[in-house]
Amino acid sequence: MSMTENHSTVPAPAETWQASGQTANGAFTIKGMRPSHIAPTVARSAAVSLLLVATAVASAQQGAPVIAPQGSSSPAQSSSTLGATQQLYGATGSNGAQPTADTFHGSVVTGKATDATLDLSLDDAIQRGLRSNLGVLLQASSVENANGERLSQLQALLPTVTANVSVEAEQVNLAAFGLKFPGLNPIIGPFQVEDFRGYLTQNVLNLAALQNYLAAKHDFLSAKLTADDARDMVVLTVGNAYLVCVADAARIEAVKAELATAKVSLDQANAAHDAGTSPRLDVLRAQVDYQNQQQNLIATTNQLAKDKLALARTIGLPLDQAFNLTDTAPYAEFAQLDPQAALEQALKNRKDLQAAAESVKSAQATRAAARDGQLPVAKVSGDFGDLGTTFGHSHSTYTVTGEVSVPVLQIARTRGQEQTADAQVDSTRARLADQIQQVNADIRSSLLDIQAAARLVEATRSNLELANEALSEAQQRFHAGVADNLPVTQAQAQVQQANDQYIAALYQHNVAKLTLARALGVAQTNYKDYLGGK
């Protein structure tokens, strides 16, 4: 990882800073602005801390890029969402549709936008996502494709019946075949032959075909389980997008309150200046603070609009459909779980683990098919029909054939198929073992995130109360004329920072609980219990 930092001083009252870094996922840059009275060392320290956090998150997710809302006013989203999405892969076999991480952020739009404003709860959003999310729809196509492969392999074990009707007019020259008889005309015909016939073919013993069918059957079951797991991923993706919008809305309310406070400070500065008890500098400083809050309100309002577009994309809403968020997802304490007990619960509930187990069985059946390809194959075939010059001058005929075919010399082909199948079995077993450990890590990571976020909520809540108290004291001192409004400006900046930290902590706590529900395999059925505390 490489990390650089630079800052440039601009005329008072503000200074911009910028910090950039490099991880395995690429470069990133963090920008910010501080009032002139805040020390540069404080701003640089905050920048370095943010870079370290971003790098740690990227490393913990093993190279998975972090999903974050655009703009500086929204809290950074947990990278658990994308990391969990990338663990979702289609069942083995020939699947026509392969969902990826990006597909869960898309959808198929249903219906048209209306003039009415839609009230959208978290539950409504999730149910819409389960119906219209692109990841679910593509995985459903994978299930259909896997079922088609299963039926194709099944046909090799079932009787094959065909029918044929033919009418032929012939004239034969015996001399062309070297047949010459004295006194016999070598030209025979013309004559007509009509044949109405049915054909039957049935494998009596074909172990390789049986194992191929079992492999396709396990692939089909794996695809169905993966489709069920995709629904958990939709709950995580939609829930995360909804919580981002909730955080944006909370940030807007906080900025509005800060804007009102800045207006009070500006009115006080104007009144003091008009009374001759305060210099023009206090008015200018208060005016800058007020306009900064106006800019913040514009930025946060725009960010909410953009994040609502992202939410609409995940649930299939028309992008021009206006909607309001009706749930606020407040803070609720969460009773900690025992990690080992949680892992045992996940092993029972996680559909992706069950799908991986089916993939192992499919690979084992494929290996058995390669081995059984060396065995004899027995089949019976026959036909029955009516043959004659016309339908009225015909007679029934039939043929029955029993056949046993034995591979004699195909050593290289057989060994190649067996080695390929062995490698497939080993790789699917390794993936299953790794996936179990990844689930264990996800559970423990989510529990740690919940604990840390809960402590952050308490700390930032207390910090916000203290910052508001400090602002009130500073405003009273300025109003009494015992100090200028520089402490007011500093206190307003502290309130804004405390608000941002508190909103981010609430968001992180809710996302950590939702991520735990996904790690346990109960996101679709029990997400309300986890977001509301358990």
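**Close-up views of a predicted model**

**View 1. Two strands, β5 and β6, side by side.** In this predicted model, valine 167 has glutamate 194 of β6 as its bridge partner. If you look along the two strands, you will find 13 bridges joining β5 to β6, which spans residues 187-205. The two strands run antiparallel.

**View 2. The sheet to which these strands belong.** How many strands does the open sheet have, and in what order? There are 4 strands, arranged β5-β6-β8-β9, and their pairing is antiparallel. Now look at the edges: β5 (160-173) and β9 (393-405) stand there, and each has a single partner strand, so one side of each is left without a neighbour in the sheet. Ignoring direction, neighbouring strands of this sheet are turned by 20° against each other on average.

**View 3. The hairpin of β8 and β9.** Here β8 and β9 form a hairpin, with 2 residues between them. Strand β8 covers residues 377-390, and 13 bridges join this strand to β9. These two strands run antiparallel. To pick out one facing pair, find aspartate 386, which stands opposite serine 396 in β9.

**View 4. The largest nonpolar core.** In soluble globular proteins, nonpolar side chains tend to be buried together. Which members of the largest nonpolar core touch the most other members? They are Leu120, Leu311, Ile443, Leu516 and Leu520, out of 75 residues in this core. Several elements give two or more residues to this core, including α3 (122-132), α6 (280-315), α9 (411-480) and α10 (486-520). The element that gives the most is α5, with 21 residues.

**View 5. Leucine 120 and the residues it touches.** Leaving out residues up to four places away in sequence, leucine 120 touches Ala125, Arg128, Tyr242, Leu311, Ile315, Leu317, Phe323, Asn324, Leu325 and Thr326. Apart from the largest core lies another core, of 5 residues. Among them are Val143, Ala146, Phe220 and Ala223.

**View 6. Charges over rings.** Two rings are worth finding here. Over the face of phenylalanine 220 lies arginine 150, at 5.2 Å from the ring centre. Phenylalanine 220 also appeared in the previous view, as a member of the core of 5 residues. Where does lysine 308 lie? Lysine 308 is over the face of phenylalanine 323, at 4.7 Å from the ring centre. You have met phenylalanine 323 before too, among the residues that leucine 120 touches.

Key: Residues are numbered from 1 along each chain as its sequence is written. This is a predicted model: local features need pLDDT of at least 70, side-chain atom pairs count only at pLDDT 80 or more; totals for chains, interfaces and linings use all residues. Side-chain values use heavy atoms; hydrogens and water are left out. A nonpolar core is a set of buried Ala, Val, Leu, Ile, Met, Phe, Trp, Tyr and Cys residues joined through side-chain atoms within 4.5 Å. Buried means under 20% relative accessible area, exposed over 50%, partly exposed in between (1.4 Å probe, protein chains only). Contact means heavy atoms within 4.5 Å. Two strands pair if DSSP finds at least two bridges between them. Axes are lines fitted to C-alpha atoms, for helices over the stretch in contact, and angles run from 0 to 180 degrees between N-to-C directions. A charge sits over a ring if NZ of Lys or CZ of Arg is within 6 Å of the ring centre and within 35 degrees of the ring normal.
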